[in-house]
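Open the model in your viewer and keep the sequence beside it. We will move from stop to stop, selecting a few residues each time.

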Amino acid sequence: MPTSADGVVFRDMTLEDVPAVDALEQRLFPADAWPLHMFLSELSQHETRRYLVAESGGDIVGYAGLMCIEPIADVQTIAVVPEFEGRGIGSTLLARLIEEARHRGAADVLLEVRADNPRAQQLYVRFGFEQIHVRRGYYRDGVDALIMRLALVPDDAPADPAPAHAPAPEPTTEAGKA
């Protein structure tokens, strides 16, 4: 299992993680928390979803999820407990989701972020996301959502730029992925 310098382990989310993730969801997003059954439903859709957790000392300190239905991938959720912010956990989770989107053949990664969350917006901009739209009053408390997009394939690039005779790239795997 890959570990960061401060002992944080990143791995796939399991059904056993859902109660802890749900508790964090309720704590971190009280106005917009997903109900427990949504996490259970998301984890059951392996063909189009990937969910990760970040663990420190046996406790989940971050989590993230991706839905990918070609050609679009959508960051469903990403969260880090405040006590662990600024340690690169959110960046690592986002990087892994983007890599998963590439692996699944997505051309774009989309996400919604609260208009009043500049820290998250800055993270996404550092990864190359650009704001493409605003959804007015999207969140339950009336805050707007900024829709952001990361193009994985340039708009003018052909779908398969490799010549027909070129060998296929070697598949890559991440620890914890079957």
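Start by selecting strand 3, residues 59-69. Eight of its eleven residues are buried, so strand 3 is largely enclosed by the rest of the structure. Buried means under 20% relative accessible area, exposed means over 50%, and partly exposed lies in between (1.4 Å probe, protein chains only). Strands (E, at least two residues) and helices (H or I, at least four) are DSSP runs, numbered from the N terminus.

A word on what you are viewing: this is a predicted model, in which local features need pLDDT of at least 70 and side-chain atom pairs count only at pLDDT 80 or more, while totals for chains, interfaces and linings use all residues. Residues are numbered from 1 along each chain as its sequence is written, and side-chain values use heavy atoms, with hydrogens and water left out.

**The strand's partners**

Add strand 2, residues 49-56. Strand 2 runs antiparallel to strand 3, and eight bridges join them. Two strands pair if DSSP finds at least two bridges between them. Find E55, which stands opposite I60 in strand 3. Now look at the turn of this hairpin, where two residues separate the strands. G57 is in that turn, with a positive phi of about 60 degrees.

Next, select strand 4, residues 72-80. Eight bridges join strand 4 to strand 3, again antiparallel. Here L66 stands opposite V75 in strand 4. A hairpin through two residues joins strand 3 to strand 4.

**The aromatic rings**

How many aromatic pairs does a search of the whole structure find? It finds four. Rings of Phe, Tyr and Trp (its six-membered ring) pair if their centres lie within 6.5 Å; planes under 30 degrees apart count as stacked, over 60 as edge-to-face and the rest as tilted.

Select F39 and Y63. Their ring centres are 6.0 Å apart and their planes are at 80 degrees, so this pair is edge-to-face. F39 lies in helix 2 (residues 36-43) and Y63 in strand 3, so the pair ties together parts 24 residues apart in sequence. Both F39 and Y63 are buried. Add W34: with F39 and Y63, W34 forms one aromatic cluster.

Move to Y138 and Y139. Their centres are 5.0 Å apart and their planes at 90 degrees, so this pair is edge-to-face. Y138 is partly exposed at 40% relative accessible area, whereas Y139 is buried at 14%.

**Last stop: charges over rings**

Stay on Y139 and add R114, which lies over the ring face at 5.0 Å from the ring centre. Then select R87, whose charged end sits over the ring of F84, 4.2 Å from its centre. A charge sits over a ring if NZ of Lys or CZ of Arg is within 6 Å of the ring centre and within 35 degrees of the ring normal.
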